[in-house]
Amino acid sequence: MSSGIGYDDDLLKHECYCKREDLHLENPHRLFVIYEKLKKSHLLDDCELLRGYFATIDMLTECHEYVLS
């Protein structure tokens, strides 16, 4: 069994329209700093990198109780 980390450079495009990183915890800079620290500490060396992808409707409805009509 191995460890994995979900990361994709596209995550760095996620930001609030107001561009106020001081007000919003979810921002590209926070993700970049975390990833760089993990890389520099070599914690990523033994991790499988899991890239993002678009989910299909079937994948989304599989994990929700309601069905889209």
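A salt bridge is taken here as a side-chain nitrogen of Lys or Arg within 4 Å of a carboxyl oxygen of Asp or Glu. With that cut-off in place, one residue of this predicted model can be described at the outset: Asp8 is buried and yet has no salt bridge, since the nearest side chain of opposite charge, that of Arg51, is 4.7 Å away, and a separation within 4 Å would be needed for the pair to count, because that is the limit set for a salt bridge. Asp8 is placed in the loop between E1 and H1, and, when residues up to four places away in sequence are not counted, Asp8 touches Arg51 and Gly52. A polar atom of the Asp8 side chain also lies 3.0 Å from the backbone nitrogen of Asp10.

The chain as a whole contains 2 helices and 2 strands, which follow one another along the sequence in the pattern β-α-β-α. Of the 69 residues in the chain, 13% are buried. The accessible surface of the chain comes to about 6400 Å², and carbon and sulfur atoms account for 58% of that surface. Among the contacts in the chain with a separation of 6 or more, 52% are between residues 24 or more positions apart.

A search of the whole structure for salt bridges finds 2. In one of these, the side chains of Asp10 and Lys13 meet, with a distance of 3.0 Å from N to O. Asp10 counts as partly exposed, because its relative accessibility is 47%, whereas Lys13 is exposed, with a relative accessible area of 64%. Asp10 is thus the residue whose side chain takes part in this salt bridge and whose backbone nitrogen lies 3.0 Å from a polar atom of the Asp8 side chain. In the other salt bridge, the side chains of Glu36 and Lys39 meet at 3.3 Å, again given from N to O. Glu36 and Lys39 are separated by about one helical turn, because they are 3 residues apart in helix H1. Lys39 is partly exposed, its relative accessible area being 42%.

Helix H1 spans residues 28-40, and Arg30 has its place within this helix. The relative accessible area of Arg30 is 29%, so this residue is partly exposed. Although Arg30 and Leu12 are 18 residues apart in sequence, their C-alpha atoms are 9.1 Å apart in space.

The structure holds 1 aromatic pair. This pair is formed by Tyr7 and Tyr35 and is stacked, with 3.9 Å from centre to centre and 10 degrees between the planes. The pair links distant parts of the chain, as Tyr7 lies in the loop between strand E1 (3-6) and H1 while Tyr35 lies in helix H1, 28 residues apart. Tyr7 and Tyr35 are both buried.

Tyr35 is also among the residues touched by Leu44, a set that comprises Ile5, Tyr35, Leu38 and Lys39 when residues up to four places away in sequence are not counted. Leu44 is placed in the loop between H1 and E2, and it counts as buried because its relative accessibility is 15%. Leu44 and Ile5, which are 39 residues apart in sequence, are 8.0 Å apart in space from C-alpha to C-alpha.

Ile5 itself has its place in strand E1. With residues up to four places away in sequence again left out of the count, Ile5 touches Leu38, Leu44, Cys47, Glu48, Leu49 and Leu50. Ile5 and Arg51 are 46 residues apart in sequence, and the distance between them in space is 8.6 Å from C-alpha to C-alpha. Arg51 is the residue named above as carrying the nearest side chain of opposite charge to Asp8.

The loop between H1 and strand E2 (47-50) also contains His42. Most residues other than glycine have a negative phi. His42, by contrast, has a positive phi of about 65 degrees although it is not a glycine. With a relative accessible area of 52%, His42 is exposed, whereas Leu44, placed in the loop between H1 and E2 as well, is buried at 15% relative accessibility.

Technical notes
Residues numbered from 1 in each chain as written. Predicted model: local features only at pLDDT ≥ 70, side-chain atom pairs only at ≥ 80, totals over all residues. Heavy atoms only, no water. Helix = DSSP H or I, 4+ residues; strand = E, 2+ residues; numbered from the N terminus. Buried < 20%, exposed > 50% of the residue type's maximum accessible area, 1.4 Å probe, protein only. Contact = heavy atoms within 4.5 Å. Areas by Shrake-Rupley, 256 points an atom, 1.4 Å probe, with all protein chains shown as cover. Phe/Tyr/Trp six-rings, centres within 6.5 Å; stacked < 30°, edge-to-face > 60°. Lys, Arg positive; Asp, Glu negative; His and termini not counted. Polar contact = N/O pair within 3.5 Å; in protein donor to acceptor, adjacent residues only side chain to side chain.
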